[in-house]
Amino acid sequence: LQLLLAYQAGEEPPAYRTSQPVSPARARQLSARYQADDGRSVRLIEQSGALLFDDGEIRTPVERDGLYELVTNGRLGVGRTLRLVNDGQGGPQDLIIDGTRFARQYDRVPEPAPEHFNELIGEYGPDHNVLHVLEEDGQLTVLIEWFFRYPLTPIEEDRYAFPGRGLYAGEEVIFLRDETGAITGVEAANVVWPRRAVGPDDGATFKIDPIRPVEELREEALRATPPAENGPFRPAALVDVTQQPAVIDGDTLALEPGIKLDVRYATTNNFMGAAFYDKPRALLQKPAAEALARVHFNLRALGYGLLVHDAYRPWHVTKMFWDATPQDLKLFVANPARGSRHNRGAAVDLTLYDLTTGEPIAMPSGFDEFSPRAYAAYPGGTSAQRWHRALLRRVMELEGFRVLNAEWWHFDYKDWREYGLGNVGF
């Protein structure tokens, strides 16, 4: 617009500022919380390889303008400069924004959310305009109109105030309850947003009603043949992930405690309510298994281990999943016409567990939950849940795995295309 106005006025055109995308590796390096002396904080967030700037209200993509400057470049903001400066520890880490220095806050596990937030956290409103209630930095927070995030100040029980800025300055958020005391919705800015049902709320396993009987699907799938593929492919070399030691810098390291298993498809505790494997095993192609062992080893120093739900999956099981799942939920299952990366022995479903207690770490959704909470970038839940989800993704990506955007627990190994579809059961 400035160029057009200059042309119209017959003036010299202003310098046109250009920027370049931040590399995924650099985005991961810069991803952190930054805080000023006056208590204000901002975030840089790596998401799907891009870098976003969160000023506490909206998130805007940023790109690099030279080596030490970032610039916002998105639909909700453009041209704001974030200058990287040395933090005194040898690297350009802190930010200068509008003349204020924001110091990088080094990563740590967020404190648990206040317990009374649990019944309030969730989704509200219609499909076309979902309001998220979440916890962030110990405060109840709303994400409204898809882009705008506001911390709330408590007034009294079930009543909170928007901050004195932004779209809803001076407005309130009121939680509504039925005669049993259950939350049924919120009134935000004088609009009622009904509570949305999003996955199981009691920690139960998500389940579907299969379109056809499972045994009928099993018989049909076992008679079927995987699709023909053009090779050549590497020869399969599946190994048990619980028996694969980590090899780091040429040293073979024994792992105790090791990778744990909770192979849901060897039980009826899964979305189909039927067993698909005869024994609880997790197999991966050897390079992927070696990488997973290194992930587990690197997590130990942080007090976590890996809990694996599934790895190699025979093709006929993928066909059963697809044929049983209703059309509106097929996003969460692989099409057997192409096969699954699990069928190639190069994908793994997993989460974190606490090395001290042995208990799984809480995430924004349960495993195999067919809901928006399963998305790798889902904004809801608690700070601790999102932090642990990000930690899992970060350590997996460092060893060559990539997350599936629709499922935070699903990771594909970098070489998955080099293996053919497998259909041998176990």
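Trainee: Which residues is Val-348 in contact with, leaving aside its neighbours within four places in sequence?
Mentor: Val-348 is in contact with Leu-284, Leu-292, Val-308, Asp-310, Ala-311, His-342, Met-396, Phe-401, Trp-409, His-410 and Phe-411. Contact means heavy atoms within 4.5 Å.

Trainee: Before we go on, what kind of model is this?
Mentor: This is a predicted model, in which local features need pLDDT of at least 70 and side-chain atom pairs count only at pLDDT 80 or more, while totals for chains, interfaces and linings use all residues. Residues are numbered from 1 along each chain as its sequence is written, and side-chain values use heavy atoms, with hydrogens and water left out.

Trainee: Back to the interior. How many residues are in the largest nonpolar core?
Mentor: The largest nonpolar core has 59 residues, and Leu-292 and Val-348 have the most contacts inside it. Its largest share, six residues, comes from helix 4 (residues 286-300). A nonpolar core is a set of buried Ala, Val, Leu, Ile, Met, Phe, Trp, Tyr and Cys residues joined through side-chain atoms within 4.5 Å. Buried means under 20% relative accessible area, exposed means over 50%, and partly exposed lies in between (1.4 Å probe, protein chains only). Helices (H or I, at least four residues) and strands (E, at least two) are DSSP runs, numbered from the N terminus.

Trainee: Which residues are among those of the other core?
Mentor: Apart from the largest core lies another of 23 residues, among them Ile-58, Phe-148, Tyr-150 and Ala-188. In soluble globular proteins, nonpolar side chains tend to be buried together.

Trainee: And Asp-368, where is that?
Mentor: Asp-368 is found in the loop between strand 24 (347-354) and helix 6 (383-397). Asp-368 is buried yet has no salt bridge, and the nearest side chain of opposite charge, Arg-313, is 6.0 Å away. For this purpose Lys and Arg count as positive and Asp and Glu as negative, whereas His and the chain ends are not counted. A salt bridge is a side-chain nitrogen of Lys or Arg within 4 Å of a carboxyl oxygen of Asp or Glu.

Trainee: What does Asp-368 contact, then?
Mentor: Leaving aside neighbours within four places in sequence, Asp-368 is in contact with Phe-206, Tyr-265, Phe-271 and Trp-409.

Trainee: Is Ala-374 buried or exposed?
Mentor: Ala-374 counts as buried, at 0% relative accessibility. Its place is in the loop between strand 24 and helix 6. With neighbours within four places in sequence left aside, the contacts of Ala-374 are Phe-332, Ser-365, Glu-369, Ala-406, Glu-407, Trp-408 and Trp-409.

Trainee: Changing topic: how many salt bridges does the structure hold?
Mentor: The structure holds 34 salt bridges. One of them joins Asp-137 with Arg-33, the closest N and O atoms being 3.8 Å apart. This pair links distant parts of the chain, 104 residues apart: Asp-137 is in the loop between strand 10 (131-136) and strand 11 (139-144), and Arg-33 is in strand 1 (residues 32-35).

Trainee: What links Asp-415 and Arg-234?
Mentor: The side chains of Asp-415 and Arg-234 meet in a salt bridge (3.3 Å, N to O). Asp-415 lies in the segment after strand 26 (407-413) and Arg-234 in the loop between helix 3 (214-223) and strand 18 (238-240), so the pair ties together parts that are 181 residues apart in sequence. Asp-415 counts as buried at 17% relative accessibility, whereas Arg-234 is partly exposed at 33%.

Trainee: Which residues are linked in a network of salt bridges?
Mentor: That network links Asp-54, Arg-59, Glu-136, Arg-149 and Arg-386.

Trainee: Now the backbone. Which peptide bond is cis, with omega near 0 degrees?
Mentor: The bond from Gly-231 to Pro-232 is cis, and Pro-232 has its place in the loop between helix 3 and strand 18. Most residues other than glycine have a negative phi, and most peptide bonds are trans.

Trainee: What is phi of Asp-98 near, and of Asp-158?
Mentor: Phi of Asp-98 is near 50 degrees, and phi of Asp-158 is near 70 degrees. Asp-98 is found in the loop between strand 7 (92-97) and strand 8 (100-105) and is exposed, with a relative accessible area of 59%. Asp-158 has its place in the loop between strand 13 (153-156) and strand 14 (159-161) and is buried, with a relative accessible area of 14%.
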